[in-house]
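Biologist: I would like a close look at one part of this model. Please take me through it residue by residue.

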Amino acid sequence: ATLHVRSAAGSTPLELATQLGAQAQQRLLDAIATPPLWVPDAAASGCMLCAKRFSSTVRRHHCRHCGANVCSGCSSRRSAIYKLGLDRPVRCCTLCFLVVRAGPSSRPAS
């Protein structure tokens, strides 16, 4: 399952993990092992983290770790994501940046 697909009950895996607490959320984000499918632009009218509405002046960006549609303020950090084969710093949302930087795959494989 992808992190941003809603279940029949209306919740995404990331929302459920958030309700369970920071540790559950971090475990879920750290478990990402393949490049994500990006959330289609039409599926989000606002930032998936802060809910700021997208417009001609508030551009949407995709987190390269989880695929979420986020505003520039929620995706201002960049980091290499070695576990996904991304050796150069790429755009990460604020949630994923902390996980990517602290996770076991934060350094290149030797």
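Is Cys96 buried or exposed?

Modeller: Cys96 is buried, at 0% relative accessible area. Here buried means under 20% relative accessible area, exposed over 50% and partly exposed in between, with a 1.4 Å probe and protein chains only. A word on the basis. This is a predicted model, in which local features need pLDDT of at least 70 and side-chain atom pairs count only at pLDDT 80 or more, while totals for chains, interfaces and linings use all residues. Residues are numbered from 1 along each chain as its sequence is written, and side-chain values use heavy atoms, with hydrogens and water left out.

Now the sulfurs. A disulfide needs two cysteine sulfur atoms within 2.5 Å. For Cys96, the closest cysteine sulfur belongs to Cys93, and they do not bond because 3.6 Å is too far. Cys74 is a similar story. Its sulfur lies 3.8 Å from that of Cys47, the closest cysteine sulfur, so no bond is assigned. Cys74 is also buried, at 12% relative accessibility. The disulfide count is zero.

Next, Ser75. This residue sits in the loop between strand 2 (69-70) and strand 3. Strands are DSSP runs of E, at least two residues long, and helices are runs of H or I, at least four long; both are numbered from the N terminus. Ser75 is buried, with 0% relative accessible area. Its side chain reaches the backbone oxygen of Cys71 at 2.8 Å. That is a polar contact: N or O atoms within 3.5 Å, where within protein one must be able to donate a hydrogen and the other to accept it, and residues adjacent in sequence count only if both atoms are side-chain atoms. Beyond four places in sequence, Ser75 contacts His61, Val70, Arg91, Cys92 and Cys93. Contact means heavy atoms within 4.5 Å. Phe97 is 22 residues from Ser75 along the chain, and their C-alpha atoms are 8.7 Å apart.

Then the hairpin. Strand 3 (residues 77-81) pairs with strand 4 (residues 86-92) in the antiparallel sense, over four bridges. Pairing requires at least two DSSP bridges between the strands. Arg78 faces Arg91 of strand 4. Four residues separate the strands, and Gly85 has a positive phi near 80°.

Finally, Ser79 in strand 3. This serine is buried too, at 5% relative accessible area. Leaving out residues up to four places away, Ser79 touches Arg88, Pro89, Val90, Cys92, Phe97, Val100 and Arg101. Cys92 thus appears in the contact lists of Ser75 and Ser79.
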